[in-house]
Amino acid sequence: MVRAGIWGVGKAIPEKVLTNADLEKMVDTSHEWIIERTGIVERRIASPEQSSSDLASAAALDALRAAEVDVGELDMIIVATATPDMVFPATACLVQAEIGAKNAAAFDLLAGCTGFIYALDLAVRAVETGAYKRVLVIGADVLSKITNWRDRTTCVLFGDGAGACVVAPVKRGGVISTYLGADGSGGDKLSVPAGGSRLPLSAEVLEQGLHYIHMVGKEVFKFAVRIMGEASLEALQRAGLQPEDVDLLIPHQANIRIIDAAAKRLDLSPEKVFVNVDRYGNTGAASIPIAVHEALAQGGLLPGKRVVLVGFGAGLTYGACVLEWNSREDRLL
Ligand code: COA
């Protein structure tokens, strides 16, 4: 069986910055509260005409450039998103058309903020079997468009963005293990109740704001604090590794307190934990690939480094992945 690794990473973030000071003018909140409870200083917000497929396409082209892969070589595109451009066609199909990936199958995957890890797992399996050779995995979300900007308990948390990576065969290293899970009984703790087949959009639904993110923050927090550590440990065990073997933890960027709890469970020192939640807030399925892109740009992902990606999200879902970062020479052409 061939191994699968990441050949190239890309990202796309909107230009507009929304600071905590801006939010103070919109809802009854304060910079101090947001910093203390979440670690977020600012987030990026898409323009009115910018959708998930726009950011996803830009991130995809960035990743293809980094991977030195021609768009025509792609044989599969998976877009992990909770904010598709529309119910159908899939956002992945819109991206496929936008970037001109004529030879790629394309579909969306919905696993909330864990979506990127779920999609990465599928891409790795697809490449390992030899059935697919160049899979583009994208995490893209424009959560600002399903956020109730009058609800201070949610609107301070989220931001927009996209991250992408090309998964392809490698001679050594690459993805060593993955672990995915879900607890659907907690689905009502984090949901967008309306707009689907259970509660189609209507004037009444819009009036009640049921088309926005609804969240029981404390419950999601408790789940996240427990599951981020557990999922990481399970993935490490499957890889035959110990927490002390980890060079870098790249967790879903939802809340600095959740990240700190995961780091503590693995007994990792702060320099081994990647954090950018302060600059982007929670960008949903985009959070992990954006973080991977920035960790790489900052020199934290040298070849041979052992990395754990871990996330949680709506579903409730969770997942982790252990990989050894590849050099350009590791690519199996
Ligand atoms: N500004 C000021 N005060 C706020 C506020 C805000 N933006 N949001 C809530 N509060 C108030 C609450 O009303 C509450 O007041 P009360 O004690 O008078 O009732 C108080 O702050 C404490 O709220 P609480 O919900 O207990 O805070 P918390 O410490 O649990 O932090 C979250 C809230 C949302 C930051 C935290 O629960 C969290 O991060 N949960 C996980 C959310 C998440 O990651 N979701 C996405 C998953 S992918």
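**Exercise 1. Find how much surface the protein exposes and which share carbon and sulfur atoms supply.**

Start with the total: the protein exposes about 14100 Å². Then take the share, as carbon and sulfur atoms supply 52% of that area. The areas come from the Shrake-Rupley method with a 1.4 Å probe, and for residues only the protein chains shown count as cover.

Before going on, a word on the model: it is predicted, so local features need pLDDT of at least 70 and side-chain atom pairs count only at pLDDT 80 or more, while totals for chains, interfaces and linings use all residues. Residues are numbered from 1 along each chain as its sequence is written, and side-chain values use heavy atoms, with hydrogens and water left out.

**Exercise 2. Describe the overall build of the protein, from its helices and strands to its radius of gyration.**

Step one: there are eleven helices and 13 strands, taken as DSSP runs numbered from the N terminus (helices: H or I, at least four residues; strands: E, at least two). Step two: the radius of gyration is 19 Å, close to the 20 Å from the globule rule for 333 residues, so the protein is as compact as a globular protein of that length. Here the radius is taken over C-alpha atoms, and the rule is 2.2 Å times the number of residues to the power 0.38. Step three: along the principal axes, the C-alpha atoms fill a box of roughly 55 × 45 × 35 Å. Step four: 55% of the 333 residues count as buried (buried is under 20% relative accessible area, exposed over 50%, partly exposed in between; 1.4 Å probe, protein chains only).

**Exercise 3. Work out how domain 1 and domain 2 are placed.**

First set the bounds: domain 1 covers 3–169 and domain 2 covers 176–330, as given by an automatic or database domain assignment. Next, their C-alpha centres lie 13 Å apart. Finally, 47 residues of domain 1 are in contact with 47 residues of domain 2, where contact means heavy atoms within 4.5 Å.

**Exercise 4. Compile the surroundings of S52 and A82.**

Begin with S52, which is found in helix α3 (residues 52–67). At 2% relative accessibility, S52 is buried. Leaving out residues up to four places away in sequence, S52 touches T81, T83, D85, T91, A140, D141 and V142.

Move on to A82, in the loop between β4 and α4. With 34% relative accessibility, A82 is partly exposed. Beyond its neighbours within four places in sequence, A82 is in contact with L110, A140 and D141. The C-alpha atoms of A82 and D141 are separated by 6.4 Å, although these residues are 59 apart along the chain.

**Exercise 5. Locate the cis peptide bonds at F88 and P89 and at G315 and L316, then the positive phi values of E68 and D267.**

Keep the background in mind: most residues other than glycine have a negative phi, and most peptide bonds are trans.

For the bonds, F88 and P89 are joined in cis with omega about 10 degrees, and P89 lies in the loop between β4 (76–80) and α4 (91–99). The bond from G315 to L316 is also cis, with omega near -5 degrees; L316 sits in the loop between β12 (306–313) and β13 (317–324).

For phi, E68 has about 55 degrees and lies in the loop between α3 and β4. E68 is partly exposed, at 48%. D267 has a phi of about 60 degrees, in the loop between α9 (256–266) and α10 (277–280). D267 is exposed, at 70%.
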